[in-house]
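Biologist: Could you pick one strand and take me through it closely, neighbours and all? I'd like the wider chain as a backdrop too.

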Amino acid sequence: MKTIESLIKLHYPKAETGAHITETYLKYLSDEHGEDLTKMLFATSVCADDVNVSTDFRRVLTRPFTLGGLGGMPFAGFTGMVAYAHHIPDGGSGFIFYGPHIGITDDGELGRMRRPGQKSLSNSCGALMLALSRLEANNDVYVPMNVEYDYQQILLERMVMPYKQEILTASNRKKAITEVTYKNIDKQLHFLIKKAKEEFNCKRLYLLGAIIINTSPEYNDYVEVRNFEVIDLEKLDSHTSTSIMEEEAFKAL
Ligand SMILES: [Zn+2]
């Protein structure tokens with residue numbers, strides 16, 4: 001039988017354990033960038049799912065400020081980003097870990113997992129797999145209607161809608177919707193940071209973007225890093241990230 005690591009690396013060849021990623025990047029922040037980790041305010045934009053404790057950043061960095069909601073989208077929005085920006089300690093800096101998550105079974109099936117205390121398998125990310133089932137079920141144009149009691153799920157579905165064909169024609173749809181969501185989180189976060197840039201009580205902001213891969217309780221979770229970025233907030237105007245407002249996909253929503 002193949003090891004869980006070899007099964008994960010079939011899909012995510014650069015994935016490392018969450019513990020390894022934590023150690024590597026915290027050391028990098030303090031040794032290479034000279035950051036005082038006691039003055040670094042940690043924030044996350046990961047899914048609300050209780051399974052997302054894959055990294056150990058919170059053991060070293062206090063708090064976090066929770067920007068994310070279902071699927072990992074930064075649903076705290078502009079107001080949340082401004083609040084986070086205001087809370088950064090004097091003389092400190094910010095560090096945001098973000099990305100979607102996807103489960104993997106002991107047999108290597110993506111999109112499902114065995115959770116702590118349970119024998120049966122369940123979806124992970126549940127919100128994204130629900131969004132996928134709705135994309136698959138509707139031959140006609142599916143318009144997620146806004147409802148007050150489920151607005152995060154509805155918005156998450158609207159954000160993947162422009163990529164429907166890309167997702168439905170992919171060799172692995174569950175992996176594809178997760179990739180699309182990574183891009184959506186990444187763009188939305190950059191947009192919010194740019195919009196709130198005058199509010200930050202610091203000069204530097206670090207971003208670590210990744211796909212989180214949830215395994216059965218007896219194994220380590222894995223993380224495939226997609227972006228590590230240092231943003232100099234005073235020079236952010238020349239920052240080359242593209243606003244989501246300028247994306248064709250956004251205009252098509
Ligand atoms: Zn989730």
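Modeller: Let's start with strand β5 (residues 101-103), which is joined to β8 by three bridges, the two running parallel. Strands here are DSSP E runs of at least two residues, helices are H or I runs of at least four, and both are numbered from the N terminus; two strands pair if DSSP finds at least two bridges between them. H101 has I212 as its bridge partner in β8.

Before going on, bear in mind that this is a predicted model: local features need pLDDT of at least 70, side-chain atom pairs count only at pLDDT 80 or more, and totals for chains, interfaces and linings use all residues. Numbering runs from 1 along each chain as its sequence is written.

Now β8 itself, residues 204-214: 10 of its 11 residues are buried, meaning 20 or more other C-beta atoms, placed from the backbone, lie within 10 Å of a residue's own (exposed is 12 or fewer, partly exposed in between). Strand β4 (residues 93-98) also pairs with β8 in the parallel sense, over five bridges, and there I96 sits opposite L207. That L207 also stands opposite E229 in β9. Strand β9 (residues 222-232) pairs with β8 in the antiparallel sense, through 10 bridges.

As for the backdrop, the protein chain has nine helices and nine strands. Of its 253 residues, 41% count as buried. Its C-alpha trace spans about 50 × 45 × 30 Å along the principal axes.
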